[in-house]
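Colleague: I'd love a close look at a single part of this model, please. Pick one residue, then work outwards from there to the rest of the chain.

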Amino acid sequence: MNPREIEVHIEELVLQGFPLSAQWQIADAIENELRARLTKDGIPAAWQSSPRQLDAGSIKSNTHAGLGAKIARAIHGGVR
């Protein structure tokens, strides 16, 4: 099986209440984790219907990078 290349592009991400440096850490972590999950597991079934909105629920983390990774897992469907 050949590895596939996945490019993740987030057109707009609004993170209110975080300093600018934290916003970049969170955004980078979201992109990296989503890329990894999509490469490993493919596109989630919930995405097949082209939803306009995905509910990630409530997410907490002690680090900005950890927060971004948790957001990505929630987007991909790994956190409920």
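Modeller: Happy to! Accessible areas here come from the Shrake-Rupley method with a 1.4 Å probe. On that basis the protein, which is a predicted model, has an accessible surface of about 6300 Å², and carbon and sulfur atoms hold 49% of that area. Of its 80 residues, 24% are buried, and its secondary structure amounts to 2 helices and 0 strands.

My pick is His76, in helix α2, which covers residues 64–76. His76 counts as buried because its relative accessibility is 11%, and the cut-off for buried is under 20%. What does its side chain reach? The backbone oxygen of Gly42, at 3.1 Å. Leaving aside residues up to four places away in sequence, His76 also touches Leu34, Arg37, Leu38, Asp41, Pro44 and Trp47, along with Gly42 itself.

Now follow the helix around it. A span of 18 Å is expected for α2, because its 13 residues are taken at 1.5 Å each, with the count reduced by one. The C-alpha atoms at its two ends are indeed 18 Å apart, so the model agrees with the expectation. At the N-terminal end Thr63 acts as a cap, with a side-chain oxygen 2.8 Å from the backbone nitrogen of Gly66. Just past the other end, Gly77 adopts a positive phi of about 105°.

Which residues of α2 are buried? They are Leu67, Gly68, Ala69, Ile71, Ala72, Ala74 and His76, and the buried residues of this helix pack against α1, residues 20–41. In soluble globular proteins, nonpolar side chains tend to be buried together. Here, the largest nonpolar core has 9 residues, namely Val8, Leu15, Ile26, Ile30, Leu34, Leu38, Leu67, Ile71 and Ala72. Both α1 and α2 are elements that give two or more residues to this core, with α1 supplying the largest share, 4 residues.

That brings us back to where we started, since Leu34 and Leu38, two members of the core, are among the residues His76 touches. Val8 touches Leu34 and Leu38 too, together with Glu31 and Arg35, again not counting residues up to four places away in sequence. Across the whole protein, 62% of the contacts with a separation of 6 or more join residues 24 or more positions apart.

Technical notes: Residues are numbered from 1 along each chain as its sequence is written. This is a predicted model: local features need pLDDT of at least 70, side-chain atom pairs count only at pLDDT 80 or more; totals for chains, interfaces and linings use all residues. Side-chain values use heavy atoms; hydrogens and water are left out. Buried means under 20% relative accessible area, exposed over 50%, partly exposed in between (1.4 Å probe, protein chains only). A polar contact is a pair of N or O atoms within 3.5 Å; within protein, one must be able to donate a hydrogen and the other to accept it, and residues adjacent in sequence count only if both atoms are side-chain atoms. Contact means heavy atoms within 4.5 Å. A nonpolar core is a set of buried Ala, Val, Leu, Ile, Met, Phe, Trp, Tyr and Cys residues joined through side-chain atoms within 4.5 Å.
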